[in-house]
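User: I've got a model open here and I'd like to go through some of its labels with you. Can we start with the charged pairs?

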Amino acid sequence: MSGLFHCAAALGAILPLAEPAPDAGPAGILQFAMPAVTIALLAYFLLFQPQRMKDQRLRQLVDNLKENDHVITSGGLHGVVTAVQREQGRVTLRIDETTGAKVRVDLWAISRVADKDSENTPSDSKTKK
């Protein structure tokens with residue numbers, strides 16, 4: 001019987017801890033919402049804000065696109081801008097210097113404007129040695 005008494009005494013000591021706390025009012029809600037707000041702020045500053053800035057820089061580059069800019073499309077096509085038709089939302093790219101092959105792509109397909117110094121241009125192809 002004494003074992004049962006010890007279990008009951010231990011249970012009596014634990015039960016007050018398991019009871020719900022009295023309503024703490026606005027402080028209880030704030031304590032509950034604080035982790036969610038913190039996670040939302042971290043997600044905004046670590047995930048969404050950098051992507052928004054990157055999209056804004058790309059939009060500025062595409063808006064300032066001009067002839068003889070070296071660009072790379074989202075499909076991986078490297079070319080030199082020969083004409084920009086903003087009304088139609090497209091750009092003409094020269095993709096081969098030897099044959100003068102040109103292709104028209106939509107402005108949204110431009111994924112980056114390449115540096116002329118650091119980027120291989122169509123005339124600097126790796127097949128030439």
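Analyst: Sure. A salt bridge here is a side-chain nitrogen of Lys or Arg within 4 Å of a carboxyl oxygen of Asp or Glu. Keep in mind that this is a predicted model.

User: What makes Lys66 and Asp69 a salt bridge?

Analyst: Their closest N and O atoms are 3.5 Å apart, and the cut-off is 4 Å, so the pair qualifies.

User: How many salt bridges does that rule give?

Analyst: Two. Glu97 also pairs with Arg94, with the closest N and O atoms 3.0 Å apart.

User: Why is Asp69 called buried?

Analyst: Its relative accessibility is 11%, and buried means under 20%, so the label fits.

User: And what about Glu97 and Arg94, why do they count as partly exposed?

Analyst: Glu97 comes out at 33% and Arg94 at 22%. Partly exposed lies between 20% and 50%, so both values land there.

User: Why is the Tyr44 and Phe45 pair edge-to-face?

Analyst: The count of aromatic pairs is one. The ring centres of Tyr44 and Phe45 are 5.1 Å apart, and the planes sit at 80°. Centres have to lie within 6.5 Å and planes over 60 degrees apart count as edge-to-face, so this pair meets both conditions.

User: Is Phe45 buried or exposed?

Analyst: Exposed: its 53% relative accessibility is over the 50% cut-off. Tyr44, at 32%, is partly exposed.

User: What is the phi of Asn68?

Analyst: Positive, about 70°, although Asn68 is not a glycine. Asn68 lies in the loop between helix H2 (26-63) and strand E1 (70-73).

Methods. Residues are numbered from 1 along each chain as its sequence is written. Side-chain values use heavy atoms; hydrogens and water are left out. Rings of Phe, Tyr and Trp (its six-membered ring) pair if their centres lie within 6.5 Å; planes under 30 degrees apart count as stacked, over 60 as edge-to-face and the rest as tilted. Buried means under 20% relative accessible area, exposed over 50%, partly exposed in between (1.4 Å probe, protein chains only). Helices (H or I, at least four residues) and strands (E, at least two) are DSSP runs, numbered from the N terminus.
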